[in-house]
Amino acid sequence: MIGAGDEIEMGGLVWRALAVPGHDMEALAYYNPEKRLLISGDALWQNGFGVIFPELLGEADGLAATRETLRMLAGLPIDIIIPGHGKPFAEIDPAFDLAFRRLDAFTADIDKLAWHAIKVIVSFAMLERQRLPVDTFRSFVRELPFAIDVNQRYLGLDEETLAGRVERDLLQVNALRREDGWILAAGGS
């Protein structure tokens, strides 16, 4: 089992494993100082970072852990980041600026983090399903345990309001689309 501080060889390069708690309190990233490469996983993307699940589930102080992770990563000399989602990128400072702003917003209003997490979970659940008849989508949302739990803990919306708002928001950002009586996941058929 690889742990923080361990060195491993991948792709002909030696990588140092770094603890990057936040999205997952046991997460690791991999850094190659010679090439100034970071495989960041869900700790940092070009447009943010992974949902801070431990915070929402009451398991750990995920917000503080995420802040420390971002500070540690920002202190590394990095030329290219290979994220867990999205393409590799070289625009390092803007990515950190955006991540810290997003973290500040979630810290100031935990309900924003809760709402974001619910939308992410519904989006991923729809990627698995690919499509649902329009008239069953809201019941699908109401049957997702994580969405219901986080809503009850933080938002307190009635289930129909929750499902309708998720549908509206995900359609607006093109994470879902309507077509011929179906709701489809982005890229679904």
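A residue counts as buried here when its relative accessible area is under 20%. With that in hand, 41% of the 189 residues in this protein are buried. The model you have open is a predicted one.

**The whole chain**

Start with everything shown as a cartoon. You should find seven helices and eight strands. The C-alpha trace spans about 55 × 35 × 35 Å along its principal axes. If you turn on contacts, look at those with a sequence separation of 6 or more: 59% of them join residues 24 or more positions apart.

**Stop 1: the five-stranded sheet**

Select β1 through β5. These strands form an open sheet in the order β1-β2-β3-β4-β5, and the pairing is mixed. Go to the edges, where you will meet β1 (7–10) and β5 (80–83); each has a single partner strand, so one side of each has no neighbour in the sheet. On average, neighbouring strands in this sheet are turned by 30° against each other, ignoring direction.

Now zoom in on β1 and β2, which run antiparallel and are joined by four bridges. Pick Glu9 and you will see Val14 of β2 opposite. The hairpin of these strands has two residues between them, and Gly11 there takes a positive phi near 55°.

Next, follow β2 (13–19) into the loop that leads to β3, and select Glu26 in that loop. Is Glu26 buried or exposed? Glu26 is exposed, since its relative accessible area is 68%. Add Ala4 to the selection: Ala4 and Glu26 are 22 residues apart in sequence, and their C-alpha atoms lie 9.5 Å apart in space.

Carry on to β3 (residues 28–32) and β4 (residues 37–41), an antiparallel pair with three bridges. Click Asn32 to find its bridge partner in β4, Leu37.

**Stop 2: a residue in helix α2**

Select residues 62–74 to light up helix α2, then pick out Thr66 within that helix. Thr66 is buried, because its relative accessible area of 4% falls under the 20% limit. What surrounds Thr66? Setting aside neighbours within four places in sequence, Thr66 is in contact with Pro21, Gly22, His23, Phe49, Ile52 and Leu103. Show these as sticks for a view of the surroundings.

**Stop 3: where α4 meets α5**

Move on to helix α4 (residues 110–129) and helix α5 (residues 134–142), which pack at an angle of about 125° with axes 11 Å apart. That angle makes α4 oblique to α5. The crossing of the two helices is right-handed.

To see the contact itself, show the side chains of Val122, Ala125, Met126 and Arg129 on α4, together with Phe137, Phe140 and Val141 on α5. These contact residues divide into six nonpolar, no polar and one charged.

**Stop 4: helix α6 and its cover**

Select residues 145–155, which make up α6. Which residues of α6 are buried? They are Phe146, Ala147, Ile148, Val150, Asn151 and Leu155. Bring back the surroundings and you will find that the cover over these buried residues includes α1 (53–56), α4, α5 and α7 (159–172). Just after α6 comes Gly156, with a positive phi near 70°.

**Stop 5: the three-stranded sheet**

For the last stop, select β6, β7 and β8. They make an open sheet in the order β6-β8-β7, with antiparallel pairing. Its edge strands, β6 and β7, each pair on one side only. From one strand to the next, the twist averages 25°.

Take the pairs in turn. β6 (residues 131–133) and β8 (residues 182–185) pair over three bridges, and Pro133 stands opposite Trp182. β7 (residues 176–179) and β8 pair over four bridges. Across that pairing, Arg177 stands opposite Leu184, and Arg178 opposite Ile183. Their hairpin has two residues between the strands, and Asp180 takes a positive phi near 50°.

Finally, show the helices that lie across this sheet. α5 lies across β6, β7 and β8, running at about 110° to β6. α7 lies across β7 and β8, running at about 95° to β7.

Note on methods. Residues are numbered from 1 along each chain as its sequence is written. This is a predicted model: local features need pLDDT of at least 70, side-chain atom pairs count only at pLDDT 80 or more; totals for chains, interfaces and linings use all residues. Side-chain values use heavy atoms; hydrogens and water are left out. Buried means under 20% relative accessible area, exposed over 50%, partly exposed in between (1.4 Å probe, protein chains only). Contact means heavy atoms within 4.5 Å. Axes are lines fitted to C-alpha atoms, for helices over the stretch in contact, and angles run from 0 to 180 degrees between N-to-C directions. Angles under 35 degrees count as roughly parallel, over 145 as roughly antiparallel, 65 to 115 as roughly perpendicular and the rest as oblique. A crossing is left-handed if the near helix is turned anticlockwise from the far one by less than a right angle, and right-handed if clockwise. Ala, Val, Leu, Ile, Met, Phe, Trp, Tyr, Cys and Pro count as nonpolar, Asp, Glu, Lys and Arg as charged, and the others, Gly among them, as polar. Two strands pair if DSSP finds at least two bridges between them.
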